[in-house]
Amino acid sequence: MEPFWCGALRVTLLSGRGCVLQCSEELKIQEVLRQAEDTLQVKLEGLVSSQKTTLAPHLCLRDVGCRDLTALAKTTQLVGHSRSLGFALLRADGQVLSWGLAAAAEPRRLSDVRHVAASECSYAAVLMDGSLVTWGSSHFGGDSQAVQEQVRGVVQIQSSCCAFAALQEDGSVISWGHPSMPQTTAERIAGDAWKNPVTAIQSSSHAFAALLKDGSVITWGNKDYGGDCSAASLSDVQCLQSSAGAFAAVCSGGRVVAWGSADYGGLGPEDLHDVTQIQASARAFAALTRNGHVVAWGDASCGGDTGPVARQLYDVVAIASAPRAFCALRADGAAVAWGDPGSGGRGVEGLREVQAIRATARAFAAIQRDGSVITWGHSSCGGGSSSVSHQLWGVRHIQSSTRAFAALRRDGQVVAWGSRDFGGDAAAVMEMLYDVQMIQSSRNAFAALREDGHVICWGGDDEPQIIDQTLQRISLSG
């Protein structure tokens, strides 16, 4: 009998240009991606199904069920992480420059890069051929020598604060980093990877959890931070979420199972069902149920107890989180916050038609439909924006460092506020912040990518600087 997928597959860019590939049902998405790149002569980020789902690279076409896929072209990206001290610029041509991990560290340059991830003090890059390159502190994943023999085509990388886990083409996983992280993860998963591959990886601060195709979960890392799920009743898991020291899984029927440190939400409520999504603060979880109610657990000072606002949590449509608080958005446009009152966990008035919420360590910022911004929480962490409120119009995106915000307006201008030491004052580079296409944040700084390819950086311990089109760093001090 002829395989369902023995025939034509159409791959189309968002611009409308496309190609037709001859594929069998056994071909993996990663191979389809490479064939489409060769045919279209465009670097591609991934493939999306007709159901708007990004397809995992190790899936076979027989698992997809459609003959038309959308291709996402690779664009220039700024890579940062809330735990990281630096940035990496990944250009569409595959060239990478990283900087800022430490005052004495030299910038790192690479070519033919497909993907970059950051831990607190290291980077990991996947090259076009699926090989792996790492740099930075060995205690934070900067040395991957011990797992290089296990590399078999890396397609995706997940980071914790001090380690990395890499998903490979065959559905297996390798991990490396801090000495406490095991180096044998691939051996535990690779045996059945061809028929039961990993589909997603989630991390706490010192552990990882991998979701497999059959709905089972494998964990590794520090047991006190969720690295051991052997006692958890896990089956048919749909998705994973993590706090700093625990994990929570949504299983079939919306059943929730949690494990890890009880101080971080690892002891979940019994008989919790019909959950549609879970958000996490540093030490607690909040689950949204199908009927619009919210259930929280974990450290009460970080939002693990909804008691003070329980009666207000109805018709909830989304939940946002900060390290020590949560904010729920209701269908009527109201916002209900709880957790540490000094970290955004108190009520906020005046919100309407909220489009997105970002958080620093102790404050929230909400973008409304008209492009205005409302902030609340600790003023030193961006919770007070009165000094720049007249500039906060037409905002389309917000990024946050630990104690500051940066907003990108539709006209390409940037507005920053919060702690000066964490990027909350962009006065030194304001004249260069024009035609900005993207902003990114690290733990204590911001970087803005302009339309002409230049990157402007401010905040943190380094002097303001610019990265030009040739990837040369230019100091802007004095």
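Accessible areas here come from the Shrake-Rupley method with a 1.4 Å probe. By that method the accessible surface of the protein comes to about 20,200 Å², and carbon and sulfur atoms account for 47% of that surface. The model is predicted.

**Whole chain**

Start with everything selected and the cartoon on. The secondary structure consists of two helices and 37 strands. Along the principal axes, the C-alpha atoms fill a box of roughly 65 × 60 × 45 Å. The radius of gyration is 22 Å, which agrees with the value near 23 Å that a compact globule of 478 residues would have. Of the 478 residues, 54% count as buried. Among contacts with a separation of 6 or more, 41% are between residues 24 or more positions apart.

Next, colour by charge. There are 38 positive and 47 negative charges, and the mean positions of the two sets are 3 Å apart.

**Asp236 and Asp271**

Select Asp236, in the loop between β17 (217-221) and β18 (237-242). Its phi is positive, about 50°, although Asp236 is not a glycine. Asp236 counts as partly exposed because its relative accessibility is 38%.

Move on to Asp271, in the loop that runs from β20 (256-260) to β21 (275-280). Asp271 also has a positive phi, about 55°, and is not a glycine. Is Asp271 buried or exposed? At 68% relative accessibility, Asp271 counts as exposed.

**The cysteines**

Now show cysteine sulfurs. How many disulfides does a search of the whole structure find? The search finds zero.

Select Cys302 and Cys381 together. Cys381 holds the cysteine sulfur closest to that of Cys302, but the distance is 14 Å, so the pair is too far apart for a bond; a disulfide would need the two sulfurs within 2.5 Å. Cys302 is buried, with a relative accessible area of 4%.

Add Cys327. The closest cysteine sulfur to that of Cys327 is in Cys302, 16 Å away, and this too is too far for a bond. Cys327 counts as buried, at 0% relative accessibility.

**Ser372**

Go to the loop between β28 (363-368) and β29, where Ser372 lies. Ser372 has a relative accessible area of 17% and is therefore buried, the cut-off being under 20%. Show the residues around Ser372: leaving out those up to four places away in sequence, Ser372 touches Arg352, Ala366, Ile367 and Leu392. Which distance separates Ser372 from Leu392 in space, C-alpha to C-alpha? The two are 5.7 Å apart, with their positions 20 residues apart in sequence.

**Ser385**

Keep Leu392 displayed and select Ser385, which is in the loop between β29 (373-377) and β30 (395-400). Ser385 counts as buried, because its relative accessibility is 10%. Apart from neighbours within four places in sequence, Ser385 is in contact with Thr375, Leu392 and Trp417. Leu392 is thus on the contact lists of both serines, touching Ser372 and Ser385.

Terms used: Residues numbered from 1 in each chain as written. Predicted model: local features only at pLDDT ≥ 70, side-chain atom pairs only at ≥ 80, totals over all residues. Heavy atoms only, no water. Helix = DSSP H or I, 4+ residues; strand = E, 2+ residues; numbered from the N terminus. Rg over C-alpha atoms; globule rule 2.2 N^0.38 Å. Buried < 20%, exposed > 50% of the residue type's maximum accessible area, 1.4 Å probe, protein only. Contact = heavy atoms within 4.5 Å. Lys, Arg positive; Asp, Glu negative; His and termini not counted. Charge placed at Lys NZ, Arg CZ, Asp CG, Glu CD.
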